[in-house]
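Here is a friendly walk through one protein model. Keep the structure open beside the text as you read.

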Amino acid sequence: MKKGKSIDENGFETYRDCKFFCECVTEYLGSEIDPEGRYSLNPKGIYKVYRPKSEIEKPDFIESLNSKPVLDDHCIIGNVDGLVSPDKKKPVGVLSEVKVVGNELHGRIDVWSPSMISKIHNGKVELSLSSGCGFVPR
């Protein structure tokens, strides 16, 4: 994540060309995919989810990611019922300049939180975009 790092006059750190999405298969718990029980998944079961390039490279999806808050750990935040309020889970930075690079999405992450900057300096490499997605059963 330290690729293209710079520090501004406020002490905020910017990381350019960070990979954060890619075409891949990822494992999720049933409770992460189906918290409402619509698909009758075992909440503790592990399910493989394919994220195709055709979905991550859609212009609307890319634009939806710009200016999204970045969190330390994964949690879906928002101002609607069923999501965690941003007041309860403070963002540590923001994502911008999202672009497709091969089978991946890259972007700029600006980190404001001193504790998060310290964690990154001590080896943390994964942050969360605090957003959810739709799953299509096959």
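## Confidence in the model

Within this predicted model, confidence varies from element to element: helix α1 (residues 30-33) has the lowest mean pLDDT of the elements, at 84, and β6 has the highest, at 95. For the protein as a whole, the mean pLDDT is 87, and 96% of the residues reach 70 or more. A general caution for your own reading is that predicted coordinates should not be read in detail where pLDDT is low.

## Strand β2 and its partners

A good place to begin is β2, which spans residues 13-22. This strand is mostly covered, with seven of its 10 residues buried.

Strand β1 (residues 5-7) pairs with β2 in the antiparallel sense, over three bridges. Look for Lys5 there: its opposite number in β2 is Tyr15. The hairpin made by β1 and β2 has five residues between the strands, and in this hairpin Gly11 adopts a positive phi near 85°.

β2 also pairs with β7, again in the antiparallel sense, and here there are seven bridges. One position to find is Phe21, whose bridge partner in β7 is Leu105.

## The nonpolar core

The largest nonpolar core has 18 residues. Which of them touch the most other members? They are Phe20, Leu65, Leu95, Val98, Leu105, Val111 and Leu129. Two or more core residues come from each of β2, α3 (59-65), β6 (93-101), β7 (104-111) and α4 (114-121). Of these, β2 gives the most, with four residues.

Leu95 is worth a click in your viewer. Leaving out residues up to four places away in sequence, Leu95 touches Phe20, Leu65 and Leu129, which are also among the core residues that touch the most other members. The rest of the Leu95 list is Asn66, Ser67, Lys68, Val70, Gly107, Arg108 and Ile109.

## A buried histidine

His106 sits in strand β7. Is this histidine buried or exposed? Its relative accessibility is 7%, below the 20% cut-off, so His106 counts as buried.

The side chain of His106 makes a polar contact of 2.6 Å with the side chain of Asp17. Apart from neighbours within four places in sequence, His106 is in contact with Asp17, Cys18, Lys19 and Phe20, and also with Glu97, Val98, Lys99 and Val101.

## Three phenylalanines

The structure holds two aromatic pairs. In one, the ring centres of Phe20 and Phe21 are 5.7 Å apart and the planes stand at 70°, so this pair is edge-to-face. The other joins Phe21 and Phe61, also edge-to-face, at 5.4 Å centre to centre and with 75° between the planes. Why does this second pair tie together parts that are 40 residues apart in sequence? Because Phe21 belongs to strand β2, while Phe61 belongs to helix α3.

Together, Phe20, Phe21 and Phe61 make up one aromatic cluster. Phe20 and Phe21 are both buried; for Phe21 the relative accessibility is 15%. Phe61, in contrast, is partly exposed, with a relative accessible area of 26%.

Note on methods
Residues are numbered from 1 along each chain as its sequence is written. This is a predicted model: local features need pLDDT of at least 70, side-chain atom pairs count only at pLDDT 80 or more; totals for chains, interfaces and linings use all residues. Side-chain values use heavy atoms; hydrogens and water are left out. A nonpolar core is a set of buried Ala, Val, Leu, Ile, Met, Phe, Trp, Tyr and Cys residues joined through side-chain atoms within 4.5 Å. Buried means under 20% relative accessible area, exposed over 50%, partly exposed in between (1.4 Å probe, protein chains only). Contact means heavy atoms within 4.5 Å. Two strands pair if DSSP finds at least two bridges between them. A polar contact is a pair of N or O atoms within 3.5 Å; within protein, one must be able to donate a hydrogen and the other to accept it, and residues adjacent in sequence count only if both atoms are side-chain atoms. pLDDT is the predictor's confidence in each residue, from 0 to 100. Rings of Phe, Tyr and Trp (its six-membered ring) pair if their centres lie within 6.5 Å; planes under 30 degrees apart count as stacked, over 60 as edge-to-face and the rest as tilted.
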